[in-house]
Amino acid sequence: MKIVVPVQLVPDLVEELVVDKSGKALDLDTVRWIISEPDDHAIEQAILMKEKDGGEVIVLAPDFEGADDVLFAAAAKGADRLVKITGDFEGGLNAHALARALHPLVKDMNPDLVLTGVQTHNGLDGPVGALLAEYLQIPYIGYVSNVSVQGNKALVSKDYPGGLKAEMEVSLPAALGISSAESAPRYVPISKIRMVMKTSKVEDQDVGDLDPSGAAVVTRMSPPESAERATMITGKVDDVAVKIVAIIQEQGLL
Amino acid sequence: MNQDIFVLVEHLRGQVADITYVALAQAQSLAVETGGKVIAILFGGNAVELSKNLAADIVLHVESPVLAEYTCDAYAGALTGLIKEKSPRAVLVGDTTIGAEVAGVLSARLGMPLISNCVSVKGGRFSAKICGGKMMVEGELPAEPVLVAMVPGGFKVEQGQAAKAPEIKTSPVPDLSGVRVTFKRYVEPESGDIDITTQRILVGVGRGLQNGDNLELAEELAEALGGAVCASRPVVDQGWLPTTRLVGKSGKAVKPKLYLALGISGAPEHTETITGSEMIIAVNTDPAAPIFNLARYGAEVDMLDLMPALSEAVRKAKGG
């Protein structure tokens, strides 16, 4: 079983997001890049499957600041091969451009399964997994939270609203958009990642010029203008607690 | 290309998804601008029943055993044929567990541009919400036929509903023999837990909980208030609470009288499903958290400090 996991780095939303001078994009100097959370789950799912059935896990990440850390962390969890996609990402990297860049690389790897995070929070042109699946001419199922492989088929569990799930069978090779792994992504201590850095190798793969067509052009970016903003309750924690209780009482709920 | 607007009707077990009505409302407004018709695309199901209140000029119904239950492969396959044949100006879907992937596959297959996370399209411009609702982006709607994956916020569900049932046309069954995905069965949500959709008061906890051990503080607060604890995705992903307590796109939509959002940033995935709450009080240490744009009251304090203090204050107020 060969599992390829293309991951993406996204701005850490814990940090303040600043729009750059163009007014069309984030100020990249202020962005802290982290692995997209569903992608972290995709890595975990791949490792869990490898632990169960054996096989090889290859993780790919575009060359953003922090990409090496993401790749070495994946190796510390059990990934076998690490690939960094290099190229000119100056103008940003949309899902279409990334899927097109991944297509020949992933095709050459000839995987049984491609696992990606089902979405990124900053995506404006669809899920990379679905686009890549179509370029690879393989089927796609997104919002997957459980996968088991039987022969040349995979049985997957797809999430629907309200906690409902659907079981679907898909012929391999296939691409799956992971919403959550069967168990939460494991924690790897920094010491283990440091050890792995000494023994693992990150392969660079240059993808040349990118083709971003298929996404709309953004002409303006701004924080949302809210018609109404919450009335802020100020003071020390105990004061805030008393004021909240007063509001709840006013509503007749206490 | 003609000027018609397609809307994919998303339905599961006899229920049309709310987002389909939102997309129909958007389609109606877009059709006024283009001069085209709104055509709802319905795969499988009971056409008469599912179509009865769709605000569309025509419902195009395609019936096939392969389309009886949703799979991306079959839906994308059937839509490919219809789009090629009728060449609509735009195809609208929900940016959901169904629409997002269908739109992705079609975009790659047909070379159609795709706008996801779209809140509205008006006057040839789109606006979309990204970065967990912390940023809005705008741009021109591409001139060629386009795929649009809608999120709630621009239109109300009622705007996409009509009193009169639209005309239903049956479309020939496309060749779907190459479909590689098979629907097997539905798996019901775990039962035996409380139903968060019927609670008067909900204590919603998010990433700010930091650690599963802190859940006890939330449980204590919920008990004092006579409510229940629910959570956003990160908390459930960590296994701290079961999926029955998940509020969000792949969880439940809730409408309590009071929603106490603690350490929840307010990503659209979560906020879209709490808008029916009568009152939201948000607590978050991040002043830029989008939840403060939705809540009636907010406080910039640490939920971990607030929870015990609030439990105490509630108990005191109740005379306990």
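Here are some questions and answers on the salt bridges, the domains of chain B and the make-up of chain A.

This is a predicted model, where local features need pLDDT of at least 70, side-chain atom pairs count only at pLDDT 80 or more, and totals for chains, interfaces and linings use all residues. Residues are numbered from 1 along each chain as its sequence is written, chains are lettered from A and ligands numbered from 1 in the order in which they are written, and side-chain values use heavy atoms, with hydrogens and water left out.

Q: How many salt bridges does the structure hold over all chains?
A: Side chains of opposite charge can pair when their charged atoms come close. The criterion here is a side-chain nitrogen of Lys or Arg within 4 Å of a carboxyl oxygen of Asp or Glu. Over all chains, the tally is 28.

Q: Which residue of chain B meets K158(A) in a salt bridge?
A: Start in strand β8 (residues 153–159) of chain A, where K158(A) sits, and cross to helix α4 (residues 99–110) of chain B. Helices (H or I, at least four residues) and strands (E, at least two) are DSSP runs, numbered from the N terminus. The N to O distance is 2.9 Å, and the partner is E101(B).

Q: Is K158(A) buried or exposed?
A: Buried means under 20% relative accessible area, exposed over 50%, and partly exposed in between (1.4 Å probe, protein chains only). Its partner E101(B) has 3% and is buried. K158(A) has 0% relative accessibility, so K158(A) counts as buried.

Q: Which residues are linked with R233(B) and D237(B) in a network of salt bridges?
A: R233(B) and D237(B) meet at 3.2 Å, N to O. Both lie in helix α6 (residues 233–237) of chain B, four residues apart, about one turn of the helix, and both are buried. The network links this pair with D159(A) and K165(A).

Q: How many residues apart in sequence are the parts that E278(B) and K257(B) tie together?
A: These two side chains form a salt bridge of 3.3 Å, N to O. E278(B) is in the loop between α7 (268–271) and β16 (279–283) of chain B, and K257(B) is in the loop between α6 and β15 (258–262) of chain B, so the parts they tie together are 21 residues apart.  K257(B) is partly exposed, at 35% relative accessible area. The separation asked for is 21 residues.

Q: Which three residues supply 54% of the area that domain 1 of chain B buries against domain 2 of chain B?
A: An automatic or database domain assignment sets the bounds, giving domain 1 (5–170) and domain 2 (196–317) in chain B. The area buried between them is about 620 Å², with 62% from carbon and sulfur atoms; buried area is the accessible area (1.4 Å probe) that two parts lose on being put together, summed over both. On the domain 1 side, the trio is G132(B), K134(B) and P152(B).

Q: Which residue meets K134(B) in a salt bridge?
A: Between domain 1 and domain 2 of chain B the count is one salt bridge. For K134(B), the N to O distance to its partner is 2.9 Å, and that partner is D286(B).

Q: What share of the 254 residues of chain A count as buried?
A: Chain A has six helices and 13 strands. Its C-alpha trace spans about 65 × 45 × 40 Å along its principal axes. The buried share is 54%.
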